[in-house]
Amino acid sequence: MLDPTELGYRELRILFDYLRDKNGVVPLVIDADDLLAGPEAILRPLCADLEIPYSSSMLEWPAPEDHAFALSLFEKFAGYHEDALNSKGFRPEGNGKKHAKPQSKEELNDIWKSKYGSEGMRIIRSAVDACRDDYEYLESFRMRLI
């Protein structure tokens with residue numbers, strides 16, 4: 001059973017607020033969809049802020065040993081990180097094809113049901129609903145692509 005607390009949104013929000021309150025600086029929040037849609041547009045300013053050199057080699061990781069290492073770290077979450085673990089670089093969801101993001105709860109439920117079955121959809125929906133407030137709070141601070 002998926003435990004929404006394992007997704008970490010509450011902990012991220014607590015950490016975000018702690019760092020912001022302690023340091024007086026708003027921590028950087030990056031949305032995974034934005035990173036996939038424009039990795040260079042996210043990574044260049046991120047590297048500049050962190051004072052590390054940007055390299056286009058950050059956009060791909062083709063080495064088989066990288067995959068084996070990542071797979072060993074995420075065994076517990078089999079299926080959840082499948083797309084990332086099987087990737088060789090940043091690619092928009094859907095293999096780069098333009099697509100509209102689902103806009104409604106019903107659309108997402110249909111997608112999850114077709115991919116994971118009725119019970120899987122119910123479990124995912126419950127977890128999403130449990131994390132929604134924390135996700136939306138953090139999302140309001142996300143780095144915006146210009």
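The following exchange concerns charged side chains and one helix pair in a predicted model.

Colleague: What makes Arg 142 and Asp 34 a salt bridge?

Modeller: The closest N and O atoms of Arg 142 and Asp 34 are 2.6 Å apart. The cut-off is within 4 Å, so the pair qualifies. Arg 142 lies in the segment after H6 and Asp 34 in helix H2, so the salt bridge ties together parts that are 108 residues apart in sequence.

Colleague: Why is Arg 142 called buried?

Modeller: Its relative accessible area is 19%, and buried means under 20%. Asp 34, with a relative accessible area of 11%, is therefore buried by that criterion too.

Colleague: Which salt bridge does Arg 142 form with Glu 139, and how do you know that Glu 139 is partly exposed?

Modeller: The closest N and O atoms of Arg 142 and Glu 139 are 2.5 Å apart, so the pair meets the limit of 4 Å. Glu 139 has 26% relative accessibility, and because this falls between 20% and 50%, Glu 139 counts as partly exposed.

Colleague: Why is Asp 31 said to have no salt bridge?

Modeller: The nearest side chain of opposite charge, Arg 142, is 4.6 Å away. A salt bridge requires a nitrogen and an oxygen within 4 Å, so Asp 31 and Arg 142 do not form one. Asp 31 is nevertheless buried, and is placed in the loop between helix H1 (9-23) and helix H2 (32-37).

Colleague: What makes the pairing of Asp 31 and Tyr 135 a polar contact?

Modeller: Their side chains are 3.2 Å apart; the limit for a polar contact is 3.5 Å. Neighbours within four places in sequence aside, Asp 31 is in contact with Tyr 135 and Arg 142.

Colleague: How are H1 and H6 arranged where they pack?

Modeller: H1 and helix H6 (residues 105-139) pack at an angle of about 35°, with axes 8 Å apart. The contact involves residues of H1, among them Tyr 9, Phe 16 and Arg 20, and residues of H6, including Cys 131, Tyr 135 and Leu 138. The crossing of H1 past H6 is left-handed.

Colleague: What makes Arg 44 and Glu 40 a salt bridge, and where do they lie?

Modeller: The N to O distance between their side chains is 2.6 Å, which is within 4 Å, so the name applies. Both residues lie in helix H3 (residues 39-50), four residues apart, about one turn of the helix. Arg 44 has 44% relative accessibility and is partly exposed; Glu 40, at 34%, is likewise partly exposed.

Colleague: How many salt bridges does a search of the whole structure find?

Modeller: The search finds 13. Lys 105, Arg 125, Asp 129, Arg 132 and Glu 136 are linked in a network of salt bridges.

Definitions and conventions: Residues numbered from 1 in each chain as written. Predicted model: local features only at pLDDT ≥ 70, side-chain atom pairs only at ≥ 80, totals over all residues. Heavy atoms only, no water. Helix = DSSP H or I, 4+ residues; strand = E, 2+ residues; numbered from the N terminus. Buried < 20%, exposed > 50% of the residue type's maximum accessible area, 1.4 Å probe, protein only. Lys, Arg positive; Asp, Glu negative; His and termini not counted. Polar contact = N/O pair within 3.5 Å; in protein donor to acceptor, adjacent residues only side chain to side chain. Contact = heavy atoms within 4.5 Å. Axes fitted to C-alpha atoms, helices over the stretch in contact; angles between N-to-C directions. Left-handed = near helix turned anticlockwise from the far one by under 90°.
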